[in-house]
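User: Could you walk me through this model, and tell me what stands behind each term you use?

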Amino acid sequence: MANEKNQQTLSALTGSLSGVESFYVVDYQGLTAGQLSKLRKDIREKGGQLIVAKNTLINLALQGDGRDFSDALKGPSAIVVAQDDPAGVAKALSDAAKGNDKGIPAVKAGLVEGNRVDVKVIERLASLGSKQSLQGELVGVLSAHLSNFVGILEAYKEKLEGQGA
């Protein structure tokens, strides 16, 4: 019979991962308590959550949803769930890794919008910036083009009024 604590942890972990479309498997070993606390805070600010559990329990919780990450669950592992902004959470992980000389946390694998991705894709995602900043850039580009279009229409209207007079 399984340990009662492990059953409770598995139940909580399964609940936390159900319906999640984006998460990262990371190696966190080597971070001090302060660094880990700061990492949790940074991830939370980006709409994510860092979950530390035994690899066996993480593997069971993921396999319950038909996801197999057993190859990435070697050594100390944690799951970083990205609810709203996968790029922002990836950037928080990347910034934390650059902030120490060991490069920890090290991303092992990930799932982004339901698709398994490798480390290179996650690194590129981290370089994009947050979802909010990308949306802001898009709005800026669209508003510039709309402004130009309105200017062209105004000039054409004035031309037609000048020909009619």
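Analyst: Happily! Let's begin with pairing: two strands pair if DSSP finds at least two bridges between them. Please keep in mind that this is a predicted model.

User: What makes β1 and β3 a pair?

Analyst: β1 (residues 23-27) and β3 (residues 78-82) are joined by four bridges in the antiparallel sense. The requirement is at least two bridges, so β1 and β3 count as paired. You can find individual partners in the structure: F23 has V81 as its bridge partner in β3, and Y24 has V80.

User: Which other strand pairs with β1, and over how many bridges?

Analyst: That is β4 (residues 106-112), which pairs with β1 in the antiparallel sense over five bridges. In β4, A109 is the bridge partner of V25.

User: What makes β2 and β5 edge strands?

Analyst: Start with the whole sheet, which is open and has five strands in the order β2-β3-β1-β4-β5, with antiparallel pairing. β2 (48-52) and β5 (115-117) each pair on one side only, and that makes them the edge strands. From one strand to the next, the twist averages 20°. β2 runs antiparallel to β3, joined by five bridges, and L50 has V80 as its bridge partner in β3. At the other edge, β5 pairs with β4 in the antiparallel sense over three bridges, with L111 opposite R116 in β5.

User: Which helix packs on the sheet, and how is its direction set relative to that of β1?

Analyst: Helix α4 (residues 86-98) touches β1, β2, β3 and β4, and its direction makes about 10° with that of β1.

User: Why is β3 described as largely enclosed?

Analyst: Five of its five residues are buried, so β3 is largely enclosed by the rest of the structure. Its side chains go both ways: A78, V80 and A82 point one way, while I79 and V81 point the other way, and all are buried. This fits a general pattern, since side chains in a regular strand alternate between the two faces of the sheet. β1 is mostly covered, with four of its five residues buried.

User: Why is S22 called buried?

Analyst: The cut-off for buried is under 20% relative accessible area, and S22 has 3%, so S22 is buried. S22 lies in the loop between α1 and β1. Leaving aside neighbours within four places in sequence, its contacts include V80, P86, L111 and E113.

User: How do you know that S22 makes a polar contact with E113?

Analyst: A polar atom of the S22 side chain lies 2.9 Å from the backbone nitrogen of E113. The cut-off is 3.5 Å, so the distance of 2.9 Å fits a polar contact.

User: Which residues of α3 are buried, and what do they pack against?

Analyst: In α3 (residues 55-64), the buried residues are L57, I58, N59, A61 and L62. They pack against α1, β1 and β3. After α3 comes G66, whose phi is positive, near 80°.

User: How confident is the prediction along the chain?

Analyst: The chain has a mean pLDDT of 84 on a scale from 0 to 100, and 97% of its residues reach 70 or more. Among the elements, α1 (residues 4-17) has the lowest mean, 82, and β1 the highest, 90. As a general caution, predicted coordinates should not be read in detail where pLDDT is low.

Conventions
Residues are numbered from 1 along each chain as its sequence is written. Side-chain values use heavy atoms; hydrogens and water are left out. Buried means under 20% relative accessible area, exposed over 50%, partly exposed in between (1.4 Å probe, protein chains only). Axes are lines fitted to C-alpha atoms, for helices over the stretch in contact, and angles run from 0 to 180 degrees between N-to-C directions. Contact means heavy atoms within 4.5 Å. A polar contact is a pair of N or O atoms within 3.5 Å; within protein, one must be able to donate a hydrogen and the other to accept it, and residues adjacent in sequence count only if both atoms are side-chain atoms.
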